[in-house]
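Me: I am new to this structure. Could you walk me through how to read it?

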Amino acid sequence: MQSEFEGQIVLVTGGSRGIGRAIVERFAVLGARVFFTYHHHEEEARQVASTCGAQALHCSQTDPDTIQATVERLANENGRLDVLINNAGITADMFLLLMPTEDWNRVLDTNLNGAFHWSKAAVRPMLGARRGSIINIASVSGLVGVPGQTNYAASKGALLAFSRSLAAEVGKRGIRVNTVVPGFIETDMTARLPPEIRQRSVERITVGRFGRPEEVASTVVFLASSAASYIVGQTIVVDGGLTATAG
Ligand code: NDP
């Protein structure tokens, strides 16, 4: 059966590893032409590109000019841009009193301002086509307080609010904006957690385990699909029950 994503242009930020990589691979299997960005991990990006036929683009979240030029080029060369996934993100955890200003800015610039630059660039061709889907990857840290993550939580909480307002702004013009909120997912980001924190986190998760990147990717694909055509400005939490139950 032919997939609705056949021939669609999908752009994923931070597709070289983790959740972004799973999203890239899922859309590629469905026949989309997938482009993804990376920053530091060129070898990993090359591997993703060669295994699933996606195209890797070296572009930092903190480089608005290259972001704008990249989207313009993609939209012009392909005549369309159907889906943007704002996935790239970092943590730099530290208690507030010890947090270097540089780490506060770095996290906000990468996670929030980057999503702003990509969305601003992508909305133009999507408005022209009167269709498109933007999916932002936030975090449970944007919903509930986590010690040591004031910078990360601020970036993800703001991304949730950004998504709802953008959805209200462009929804009538055929562009759906939604947010996926992952809980603890097995990636390099959570591999850095000290064993005792990891153990305590698992105990708080209703299903008793961290999630897999593919479990986030399937929610993203659903939101981008026509099966979600009436879902606008919403947040879907993919956290194994972490925030909704008593564990
Ligand atoms: P990883 O650390 O595994 O991967 C992060 C990705 O983002 C990489 O592809 C990396 O590219 C890219 N990236 C980081 N900084 C930049 C930058 N400045 N410019 C361009 N790309 C950049 O993270 P995850 O897969 O775990 O996380 C993906 C998203 O999901 C993030 O937004 C994260 O906040 C969110 N999330 C993750 C959770 C988890 O438990 N893992 C939980 C909740 C949310 P490169 O390696 O090439 O630099």
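Reply: Begin with burial. This is a predicted model. In the protein, 47% of the 247 residues are buried.

Me: Where does the cut-off for a buried residue lie?

Reply: Buried means under 20% relative accessible area. Take valine 238 as a case. Its relative accessible area is 16%, so valine 238 counts as buried.

Me: Which secondary structure element holds valine 238, and which residues does it touch?

Reply: Valine 238 sits in strand E7, which covers residues 235-238. Leave out residues up to four places away in sequence. Valine 238 then touches Val180, Val181, Pro182, Gly183, Ile185, Glu215, Val216 and Thr219.

Me: How many helices and strands does the protein have?

Reply: There are eight helices and seven strands.

Me: How do I read the overall shape?

Reply: Use the radius of gyration. For 247 residues, a compact globule would have a value near 18 Å. The protein has 17 Å, which agrees. Then look at the extent. The C-alpha trace spans about 50 × 40 × 40 Å along its principal axes.

Me: What share of the contacts join residues at least 24 apart?

Reply: Count contacts between residues at least 6 apart in sequence. Of these, 72% join residues at least 24 apart.

Me: What about the outside? How much area does the protein expose?

Reply: The protein exposes about 11900 Å². Carbon and sulfur atoms supply 53% of that area.

Me: Let us compare two threonines. Is threonine 70 buried or exposed?

Reply: Threonine 70 has a relative accessible area of 9%, so it is buried. Its place is in helix H3. Beyond residues up to four places away in sequence, threonine 70 touches Leu57, Cys59 and Trp118.

Me: And what is the relative accessible area of threonine 150?

Reply: The value is 34%, so threonine 150 is partly exposed. Threonine 150 belongs to helix H5, residues 150-170. With residues up to four places away in sequence set aside, threonine 150 touches Leu96, Met99 and Trp104.

Me: How far is threonine 150 from tryptophan 104 in space, and how far along the chain?

Reply: Their C-alpha atoms are separated by 8.3 Å. Along the chain, threonine 150 and tryptophan 104 are 46 residues apart. Now try another pair. Aspartate 63 and arginine 131 are 68 residues apart along the chain, and their C-alpha atoms are separated by 26 Å.

Me: Where is aspartate 63 found?

Reply: Aspartate 63 lies in the loop between strand E3 (55-58) and helix H3 (64-78). Its relative accessibility is 29%, so aspartate 63 counts as partly exposed.

Me: What should I look for in the backbone of a loop?

Reply: Check the phi angles. Arginine 130 is not a glycine, yet it has a positive phi of about 55°. Arginine 130 is in the loop between helix H4 (101-129) and strand E5 (132-137).

Me: Last topic: pockets. How is empty space found?

Reply: Rolling a probe the size of a water molecule over the atoms shows where empty space is left. Here, the second largest pocket holds about 180 Å³ of space. Its lining has 13 residues, and the closest to its centre are Arg131, Gly132, Ser133, Arg176 and Ala224.

Me: How do the lining residues of the second largest pocket divide by type?

Reply: Two are nonpolar, seven are polar and four are charged.

Definitions and conventions: Residues are numbered from 1 along each chain as its sequence is written. This is a predicted model: local features need pLDDT of at least 70, side-chain atom pairs count only at pLDDT 80 or more; totals for chains, interfaces and linings use all residues. Side-chain values use heavy atoms; hydrogens and water are left out. On a 1 Å grid over the protein atoms alone, a cavity is a set of points where a 1.4 Å probe fits but cannot get out, and a pocket is an open set with protein on both sides within 12 Å along at least five of seven lines; lining residues have an atom within 4 Å of a point. Grid points are joined across faces, edges and corners, and a volume is the space filled by probe spheres set on the points. Ala, Val, Leu, Ile, Met, Phe, Trp, Tyr, Cys and Pro count as nonpolar, Asp, Glu, Lys and Arg as charged, and the others, Gly among them, as polar. Helices (H or I, at least four residues) and strands (E, at least two) are DSSP runs, numbered from the N terminus. The radius of gyration is taken over C-alpha atoms; the globule rule is 2.2 Å times the number of residues to the power 0.38. Buried means under 20% relative accessible area, exposed over 50%, partly exposed in between (1.4 Å probe, protein chains only). Contact means heavy atoms within 4.5 Å. Accessible areas come from the Shrake-Rupley method with a 1.4 Å probe; for residues, only the protein chains shown count as cover.
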